[in-house]
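User: I am new to this structure and would like to understand the reasoning behind the terms used for it. Please take me through the ligand and its surroundings.

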Amino acid sequence: MSKIDEIAQAVETGKSKLIEGLVNEALSGGEDPLKILNDGMIKAMGNVGEKFQKSEIFVPEMLVAARTMKKGVEVLKPKLAAGATTSLGKCIIGTVHGDLHDIGKNLVALMIESAGFEVIDLGVDVTTEAFITALKANPDTKVVALSALLTTTMPAMKDTAVAIKASGLKGFKLIVGGAPITEDFAKQVGADGYTTDAASAAVLAKKLAG
Ligand code: B1M
């Protein structure tokens with residue numbers, strides 16, 4: 001079994017004690033950090049989701065897999081964020097109200113930070129009011145990024161996006177993303193941009209802020 005397959009298996013089965021060592025071994029064996037992330041960890045989380053959908057596993061197993069992935073990402077972080085500067089301005093990011101998923105949002109934050117933004121991460125389950133308060137406190141914000149992972153929290157994303165646009169606050173672009181979000185939905189909620197993954201979110205943020 002390749003090191004990347006071992007990493008995927010460790011994430012899928014929630015072997016949080018093994019993950020740090022495995023990721024370090026893969027890195028010292030010359031594996032590309034992005035390949036470890038995409039082909040190892042993100043792919044494994046996809047399998048976890050499928051198993052959950054088929055009721056082969058339940059929330060506790062999903063949670064330990066998520067914890068394992070988070071530990072693995074911590075090891076990768078310095079490699080993924082290499083060369084970060086903070087000259088492009090501020091980006092406020094958060095997972096919308098009602099939604100507790102943060103692994104994807106954290107990756108988007110990491111990539112946006114690596115692209116040169118100062119990231120203000122509001123966390124998960126972020127209310128519309130909290131986004132607007134953060135924007136008022138940081139009037140020099142260049143990008144606001146909303147993440148949602150549940151179809152049931154898409155309406156919260158819409159409410160937040162619409163309220164941000166209607167707030168009268170200016171000078172920033174709004175981007176949205178997350179597994180259930182589509183380009184059509186992004187247009188409907190009035191976002192300035194939408195992407196499917198963390199790397200392209202950083203490219204888009206840079207383009208829109210430029
Ligand atoms: Co939940 N969960 N979960 N979950 N969970 C999903 C999302 C689900 C698809 C699983 C499934 O059924 N197959 C399903 C949603 C179904 C739906 O709405 N259609 C689901 C469900 C149902 C639930 C609960 C309702 C389960 C329950 O309680 N019965 C519950 C909801 C809790 C809540 O939020 N209120 C729940 C809970 C949880 C845990 C807490 C156990 C845990 C989250 C832990 C955490 O995040 N700290 C969890 C997990 C781990 C998952 C899966 C398995 C993995 C998510 C993940 O981290 N993926 C997930 C299944 C799946 O995704 N296949 C699932 C890896 C991550 C890197 O990808 O987050 O998609 P992702 O991020 C990507 C892109 O989406 C994009 O870039 C990222 C990286 O490239 N992206 C953006 C994300 N945000 C972006 C923003 C952008 C641009 C791109 O611009 C701003």
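User: What makes His101 a donor to the cobalt atom of the ligand?

Analyst: In this predicted model, the NE2 atom of His101 is 2.2 Å from the cobalt atom. The cut-off for a donor to such a metal is 2.8 Å, and the atom must be N, O or S; NE2 at 2.2 Å therefore qualifies. His101 is the single donor from the protein. Water is not among the atoms, so the site may look incomplete.

User: Where is His101 found?

Analyst: His101 belongs to the loop between strand S1 (90–95) and H5.

User: Which backbone atoms make polar contacts with the ligand, and how do you know that they qualify?

Analyst: A polar contact requires a pair of N or O atoms within 3.5 Å. A backbone N or O atom of Gly49 is 2.9 Å from a nitrogen atom of the ligand, so this pair qualifies. For Thr151, a backbone N or O atom lies 2.9 Å from an oxygen atom of the ligand, and that pair therefore qualifies too. A polar backbone atom of Ala179 is 3.1 Å from a ligand oxygen atom, which is again within 3.5 Å.

User: Which residues come nearest to the ligand?

Analyst: The ligand has 37 residues around it, and those that come nearest are Leu100, His101, Asp102, Ser147 and Thr151. By class, this shell holds 21 nonpolar, twelve polar and four charged residues. H3 gives the largest share of the shell, seven residues.

User: Why is the ligand said to sit in a pocket?

Analyst: A molecule sits in a pocket if more than half of its atoms lie within 2 Å of the pocket's grid points. The ligand is assigned to the largest pocket, so it meets that condition there. Two or more residues of the shell around the ligand come from each of helix H3 (33–53), helix H4 (59–80), helix H5 (103–114), strand S3 (141–147), strand S4 (173–177) and helix H9 (198–209).

User: How much space lies in the largest pocket, and which lining residues are closest to its centre?

Analyst: The largest pocket holds about 1400 Å³ of space. Its lining has 45 residues, of which His101, Ile103, Gly104, Leu149 and Ala179 are closest to the centre. H3 supplies the largest share of this lining, ten residues. The lining divides into 29 nonpolar, eleven polar and five charged residues.

User: What makes up the lining of the second largest pocket?

Analyst: The second largest pocket has a volume of about 210 Å³. Among its lining residues are Lys70, Glu74, Ile103, Asn106 and Asp121. At least two residues of the lining come from each of H4, H5 and strand S2 (118–121), and H5 gives the most, with five. By class, five are nonpolar, one is polar and five are charged.

Terms used
Residues are numbered from 1 along each chain as its sequence is written. This is a predicted model: local features need pLDDT of at least 70, side-chain atom pairs count only at pLDDT 80 or more; totals for chains, interfaces and linings use all residues. Side-chain values use heavy atoms; hydrogens and water are left out. A residue is near a molecule or strand if one of its heavy atoms lies within 4 Å of it. A polar contact is a pair of N or O atoms within 3.5 Å; within protein, one must be able to donate a hydrogen and the other to accept it, and residues adjacent in sequence count only if both atoms are side-chain atoms. On a 1 Å grid over the protein atoms alone, a cavity is a set of points where a 1.4 Å probe fits but cannot get out, and a pocket is an open set with protein on both sides within 12 Å along at least five of seven lines; lining residues have an atom within 4 Å of a point. Helices (H or I, at least four residues) and strands (E, at least two) are DSSP runs, numbered from the N terminus. Ala, Val, Leu, Ile, Met, Phe, Trp, Tyr, Cys and Pro count as nonpolar, Asp, Glu, Lys and Arg as charged, and the others, Gly among them, as polar. Donors are N, O and S atoms within 2.8 Å of the metal (3.2 Å for Na, K and Ca); water is not among the atoms, so sites may look incomplete. Grid points are joined across faces, edges and corners, and a volume is the space filled by probe spheres set on the points.
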